[in-house]
Protein chains: 2
Amino acid sequence: MSNNQFKRGELYSVINGMATTAVARRLQKNFRNAGLEITIEQWSVLYHLWKEDELSQQELGTRTFRDKASITRLIDNLEKLGLVIRVASKTDRRVNLVCLTDAAKPLQQMTYDLANQTMHESLKNISKEEIEIVKNVFQRVYDNLTSPDLS
Amino acid sequence: MSNNQFKRGELYSVINGMATTAVARRLQKNFRNAGLEITIEQWSVLYHLWKEDELSQQELGTRTFRDKASITRLIDNLEKLGLVIRVASKTDRRVNLVCLTDAAKPLQQMTYDLANQTMHESLKNISKEEIEIVKNVFQRVYDNLTSPDLS
DNA sequence: TTGAATTAGTTGCATAACTAACTATATGTC
DNA sequence: GACATATAGTTAGTTATGCAACTAATTCAA
């Protein structure tokens, strides 16, 4: 009966190895070709800071689906690049607020444009409806795996 | 007009950070809970060898969407675990054929069952039609990014 | 108010990814 | 046959991931 839904391992290997990393690799390549020396992982952090600056590392982890240790090291590298700084929170001394520097500003429009270009290359001939379904399925997969089991 | 198709970065962050890694993490966790000491990356190589044994590293790279260097080290680690061996090809001395050992045999059914279980957890309440659309979109994204541009 | 439990962040360890440079073998062409 | 080119695999260097153990600060509760 499981085989009614998917051939063994097939969907898994599709999900894990193919389209998603192809998109990531293309975006990384487009960054490099444009002379940008940041990784897509670093970009994903900057992306959330451009939406809302001065987030805690914890909050950045939640928004980018990473654990604390990964965020610690991503912020280390972004600090080395001079794109963010850690500022101690005044209300909770455990917390670092991650703040964009002036050096990060010029990257915003450039990386948005490259991300859009990459999405256009990736989503050529794919309809809005299909994209909505994919996004919706992904959200539900994520919810299936992260919400507590109520059964 | 790009915003007609997707909100900036939104689909990207969905694809890159969320559902796919949640599935991978869950499968890894299910392996660990079952006492299996292999990574999902190692499993993805074994998976293809169970379908067809004695593949070259090159061919394994193609089938698992990895580059040569990644395959070299995955095979290194699988050899250390005693699950595969490298056998020099008799017809082309550049080629290593990667061969399953007897130690890998008992893992096949067990990991298939765990992968199926993981897929059931992930795909709860997601219809066959939606799964087909996701698979189809992924294939077309991959094709968009890997086939030569004919425009 | 003191002691337990929780939360934020860091560090060590192992695995894995990509790029680029490298060796060795094979192939194709003059 | 000899040289250029292509292919298979390895290695070095950098970045990233997950887990577990750890410190420091905060909160909760008796």
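## Contacts to DNA strand D

In this predicted model, the side chain of B:R25 puts an N or O atom 3.1 Å from a phosphate oxygen of DNA strand D. B:N96 uses its backbone instead: an N or O atom there lies 2.8 Å from a phosphate oxygen of the strand. B:R94 addresses a base. An N or O atom of the B:R94 side chain is 3.0 Å from a base oxygen of DNA strand D.

## The surface near strand D

DNA strand D is surrounded by 26 residues, and A:T39, A:R66, A:N77, B:Q58 and B:K68 are the closest. Of the strand atoms that come within 4 Å of the protein, 67% belong to sugar and phosphate.

Both chains build this surface. Chain A supplies at least two residues from each of α4 (40–51) and α6 (68–80), and chain B does so from each of α3 (19–33), α5 (57–64) and α6 (68–80). Which helix gives the most? That is α6(A), with five residues. By class, the surface near DNA strand D holds 13 charged, nine polar and four nonpolar residues.

## DNA strand C

Around DNA strand C there are 25 residues; A:Q58, A:R73, B:T39, B:R66 and B:D67 come nearest. Sugar and phosphate make up 67% of the atoms of DNA strand C that come within 4 Å of the protein.

Chain A offers several phosphate contacts. A polar backbone atom of A:Q58 is 2.5 Å from a phosphate oxygen of DNA strand C. In A:Q57 a side-chain N or O atom takes part, at 2.6 Å from a phosphate oxygen. For A:R86, a polar side-chain atom lies 3.1 Å from a phosphate oxygen of the strand.

Helices α3, α5 (57–64) and α6 of chain A each supply at least two residues of the surface near DNA strand C, as do α4 (40–51) and α6 of chain B. This surface has 12 charged, nine polar and four nonpolar residues.

## The second largest pocket

The second largest pocket has a volume of about 410 Å³. Its lining counts 21 residues, and A:R25, B:F65, B:R66, B:Y142 and B:T146 lie nearest the centre. B:R66 is also among the residues that come nearest to DNA strand C.

Where does the largest share of the lining come from? Seven residues come from α3(A). In chain B, α5, α6 and α8 (128–146) each supply at least two residues. The lining divides into eight polar, seven charged and six nonpolar residues.

Key: Residues are numbered from 1 along each chain as its sequence is written. Chains are lettered from A and ligands numbered from 1 in the order in which they are written. This is a predicted model: local features need pLDDT of at least 70, side-chain atom pairs count only at pLDDT 80 or more; totals for chains, interfaces and linings use all residues. Side-chain values use heavy atoms; hydrogens and water are left out. A residue is near a molecule or strand if one of its heavy atoms lies within 4 Å of it. A polar contact is a pair of N or O atoms within 3.5 Å; within protein, one must be able to donate a hydrogen and the other to accept it, and residues adjacent in sequence count only if both atoms are side-chain atoms. Helices (H or I, at least four residues) and strands (E, at least two) are DSSP runs, numbered from the N terminus. Ala, Val, Leu, Ile, Met, Phe, Trp, Tyr, Cys and Pro count as nonpolar, Asp, Glu, Lys and Arg as charged, and the others, Gly among them, as polar. On a 1 Å grid over the protein atoms alone, a cavity is a set of points where a 1.4 Å probe fits but cannot get out, and a pocket is an open set with protein on both sides within 12 Å along at least five of seven lines; lining residues have an atom within 4 Å of a point. Grid points are joined across faces, edges and corners, and a volume is the space filled by probe spheres set on the points.
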